[in-house]
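Let us go through the interfaces of this model by question and answer.

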Amino acid sequence: MEAPVQATIRSLDPRVTRLGIPQELPEFTPKPPLDEWQTYEVFHQARPGEQPVHVGTVHAPDPEMALVFAKEQYARRGTTYSLWVVRTADIYAFRSEDADIFATVPEKTYREPQDYKVVQKLLRLKRKSHGSSSADAPASP
Amino acid sequence: MVPPLQMPQLPPEALPALKDLLYRMADDALIIGHRHSEWTGLGPILEEDIAFSSIAQDKIGHAYALYRLLHELGEPEPDHAAFMRDAPQFRCCHLVEYPNGGYDFSLMRHLLFDLAEQWRYHLLERSSYEPLAQLAHKVRGEIKYHVFHATQWVVHLGAQGTEESHERMQRALLQALPLALGIFEPSEYEELLAGHAIFPGERVLQSHWWETLLPILERAQLQVPPLETLTPAYGGRRGQHTEYLQPLLDEMTEVFRSDPTAQW
């Protein structure tokens, strides 16, 4: 009697069938913890002079590879002039439990920058309606 | 069947030479695109899976564009050119036919192939055959990214990875190099193509390729055997293929051949 041949997984996908994966999987040794690439934050710049906008993250072993991946994740459609990547660990941010430090006492609305934002929105709109695609730096307050 | 276009700049004796060049390029792109696509869903990490799948799609796009040029010259329409021929009618090199193996071989093949593609299209940007020159200009950015992707990986695994990754890239290089030399298998049309300024020829292409390849492999800290010790895997350009091509074609064409007249 020959030894029984172990049944392998048959899939609709011929590539999976070809792998000859046994139906009864052997026990896995879990990977050691922290065996992960670090993450990079990706910023997308649509046109020269425009502000890069944060669009997401990628896993990568180094900045060059982060650019390689960012291109396919975030620049496949639409217009792209450049991409920036920054190691997530290099970004300093407030902790969520400190969010209350941004609360403002209502009596000081004269100090809020809303007006500037509106002015910049109007400027952008004007530039657009004049058919210019170049985005000059907004007038700083 | 579309009749051949009137091409005042293309003398009739150059037509078979041009078609042969286009079939070689189109079949290379189609088959390596299919091989790359076999990694879809199986890539090492999500980001890379997406990037490599996207490169595979680009290759199929290049093949489609080239089959369209052939169709304009009187050859069958793209779907039929891609899906209705068998191995002996294909003009791809052996390098693209080989099974994916591990990611080491797939990446090394990707580098060796795309560096040659980059040079080939660069030279073709000045081709006297205008439609091909235009296509070469159009694909420049995509292929630049393909080379960028391949170089990053090969250098990373060769020089910045582990001992195992270095060894595996070295093995992959030794396996893939003779196959890659098959890209440049000369045809009977070399002089004709160069004479009509359609394409300067495989020999010119190979020397550009080799000069650019060496510094990349040096950055990857890989040992390169002397060129003269390698036996190029020729035959593909004459329709003599490895045992791997026909099974690939059977699988790739199964759906199309089940009803070639179906409207998709």
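The turns below take the chain contact, then the domain contact.

Student: What should I know about the model and its numbering?
Tutor: This is a predicted model: local features need pLDDT of at least 70, side-chain atom pairs count only at pLDDT 80 or more, and totals for chains, interfaces and linings use all residues. Residues are numbered from 1 along each chain as its sequence is written, chains are lettered from A and ligands numbered from 1 in the order in which they are written, and side-chain values use heavy atoms, with hydrogens and water left out.

Student: How many residues does each chain put into the contact between chain A and chain B?
Tutor: Contact means heavy atoms within 4.5 Å. By that rule, the contact takes 16 residues from chain A and 19 residues from chain B.

Student: What area is buried between chain A and chain B?
Tutor: Buried area is the accessible area (1.4 Å probe) that two parts lose on being put together, summed over both. Carbon and sulfur atoms give 63% of it here. The total between chain A and chain B is about 1700 Å².

Student: Which three residues supply 31% of the area that chain A buries against chain B?
Tutor: No other three residues supply more. They are A:Arg15, A:Val68 and A:Glu72.

Student: Which side chain meets B:Glu38 in a salt bridge?
Tutor: A salt bridge needs a side-chain nitrogen of Lys or Arg within 4 Å of a carboxyl oxygen of Asp or Glu. The rule finds two across the interface of chain A and chain B. In one of them, at 3.6 Å, N to O, the partner of B:Glu38 is A:Arg18.

Student: Which element gives the largest share of the side of chain A that touches chain B?
Tutor: Helices (H or I, at least four residues) and strands (E, at least two) are DSSP runs, numbered from the N terminus. Helix H1 (14-18), strand S2 (53-60) and helix H2 (63-74) of chain A each supply at least two residues of that side. The largest share, seven residues, comes from H2(A).

Student: How far apart are the centres of domain 1 and domain 2 of chain A?
Tutor: The bounds come from an automatic or database domain assignment. It gives domain 1 (35-99) and domain 2 (100-131). Taken over C-alpha atoms, the centres are separated by 26 Å.

Student: Which three residues supply 92% of the area that domain 1 of chain A buries against domain 2 of chain A?
Tutor: The two domains bury about 340 Å² between them, 59% of it on carbon and sulfur atoms. Four residues of domain 1 are in contact with four residues of domain 2. The three residues are A:Phe94, A:Asp98 and A:Ala99.
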